[in-house]
Amino acid sequence: GNTLFEIGLDVLTTTGAITQRGVSCGFQWLDGKLGGLQPGSLIIVAAPRGGGKSALVTQMVWNVVNMGYHCAIYSREMDKRSIFQRICCIEGVDSSSWTRQRFTNGESAIITRIASNKTTPLRVYDDLSNINDICARIRLDHIRFGTRVVIVDYIQLVRGDKKEGREREVSGVAWQLKELALALQITILAPSHLNKAMPARESGD
């Protein structure tokens, strides 16, 4: 442990570097509130189903990738092809073009450019569902590539310890992700499904 004096001294001597530690997510309003994507942080992005959680975090990670940082996506929500298509849409391909399977020359050029770039610092996994397997792979990739930002999408679809009930299982998954973010000093973005209508609790007071 440290005394409050020691902690305060450390804060005072590093205040000027606090905002510089965080990697920009590409959204100025978010960077202003978060100080960028800070190392050691688990950021849970909660919204109702269809609220754009996956789209937002994918855009954030793609922005970080374009700054040269290695990132990873662990998805239980979409498969690898769907994630590739989403990234192409971020770059300018119309989503309806995928449905029709008809692309303009410009869209074809975007798809070819992304598909042929062997050095893009992004890895995508859609075949891991257990939190222990996901954490092990994140650790390995961090050693191999220096991964900086990770998406785990989404948190309720990741399997944990089922012995303690569903609510505690999800809480356990979040706890393991937070511990991992701290240990590796990375940022983990975890979309989470938020129920639209939560029953009101009656006060016992």
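Helices, in what follows, are DSSP runs of H or I with at least four residues, and strands are runs of E with at least two, numbered from the N terminus. With that settled, Gln 185 sits in the loop between α9 and β5. This is a predicted model, so please take everything I say as computed from that model.

I will stay with Gln 185 for a moment. Its phi is positive, about 55°, although the residue is not a glycine. Gln 185 comes right after α9. Is it buried or exposed? Neither label fits: with a relative accessible area of 37%, Gln 185 is partly exposed, because the buried class ends under 20% and the exposed class begins over 50%.

There is another glutamine to set beside it. Gln 101 also is a non-glycine residue with a positive phi, near 60°. Its place is the loop between α6, residues 95-100, and α7, residues 105-116. Gln 101 counts as exposed, at 52% relative accessibility.

Now back to the helix before Gln 185. α9 covers residues 166-184, which is 19 residues. At 1.5 Å a residue the helix should span 27 Å, and the end C-alpha atoms are indeed 27 Å apart. Which residues of α9 are buried? They are Glu 169, Val 170, Val 173, Ala 174, Leu 177, Leu 180, Ala 181 and Leu 184. Looking down the axis of α9, these buried residues fall within an arc of 135°, so they line one face of the helix. On the face turned away from that buried side are the exposed residues Glu 167, Arg 168, Trp 175 and Ala 183. What do the buried residues of α9 pack against? The partners are β1 (41-47), α8 (131-145), β4 (149-153) and β5 (187-193).

Two of those partners belong to one unit with the helix. β4, α9 and β5 form a β-α-β unit, and it is right-handed. The two strands run parallel and are joined by 3 bridges. Within that pairing, Ile 151 stands opposite Leu 189 of β5.

On to β4. All 5 of its 5 residues are buried. In a regular strand, side chains alternate between the two faces of the sheet. For β4, one side has Val 149, Ile 151 and Asp 153, the other has Val 150 and Val 152, and both sides are covered. β4 also pairs with β2, in the parallel sense, over 5 bridges. There Ile 73 stands opposite Ile 151 of β4. Directly at Asp 153 the backbone does something to note: the peptide bond from Asp 153 to Tyr 154 is cis, with omega near -15°. Tyr 154 itself lies in the loop between β4 and α9.

Asp 153 comes up again from the β2 side. Ser 75 lies in β2, residues 71-75, and it is buried, at 3% relative accessible area. Leaving out residues up to four places away in sequence, Ser 75 touches Ile 83, Tyr 125, Asp 126 and Asp 153. Its side chain also has polar contacts with the backbone. One is to the backbone nitrogen of Glu 77, at 3.2 Å. Another is to the backbone nitrogen of Met 78, which lies 2.8 Å from a polar atom of the Ser 75 side chain.

In β5, the residue to look at is Thr 187. Thr 187 is buried, with a relative accessible area of 0%. Its side chain reaches the backbone oxygen of Leu 37 at 3.3 Å. There is also a polar contact of 3.0 Å between the side chains of Thr 187 and Arg 148. Beyond four places in sequence, the contacts of Thr 187 include Pro 39, Ser 41, Ile 43, Val 149 and Val 150.

Last, α8. This helix has 15 residues and reaches 20 Å from its first C-alpha to its last, close to the 21 Å expected. Its buried residues are Ile 131, Ile 134, Cys 135, Ile 138 and Asp 141. Seen down the axis of α8, they fall within an arc of 130°, so here too the buried residues line one face. The elements covering them include β2, β3 (122-125), β4 and α9. What caps the N-terminal end of α8? Asn 130 does, with a side-chain oxygen 2.8 Å from the backbone nitrogen of Asn 132. After the helix comes Gly 146, whose phi is positive, near 70°.

That is what I have for today.

Conventions. Residues are numbered from 1 along each chain as its sequence is written. This is a predicted model: local features need pLDDT of at least 70, side-chain atom pairs count only at pLDDT 80 or more; totals for chains, interfaces and linings use all residues. Side-chain values use heavy atoms; hydrogens and water are left out. Buried means under 20% relative accessible area, exposed over 50%, partly exposed in between (1.4 Å probe, protein chains only). A polar contact is a pair of N or O atoms within 3.5 Å; within protein, one must be able to donate a hydrogen and the other to accept it, and residues adjacent in sequence count only if both atoms are side-chain atoms. Contact means heavy atoms within 4.5 Å. The expected span of a helix is 1.5 Å times one less than its number of residues. The arc is that of the directions from the helix axis to the C-beta atoms. Two strands pair if DSSP finds at least two bridges between them. A crossover is right-handed if, with the strands pointing away from the viewer, the path from the first strand over the helix to the second runs clockwise.
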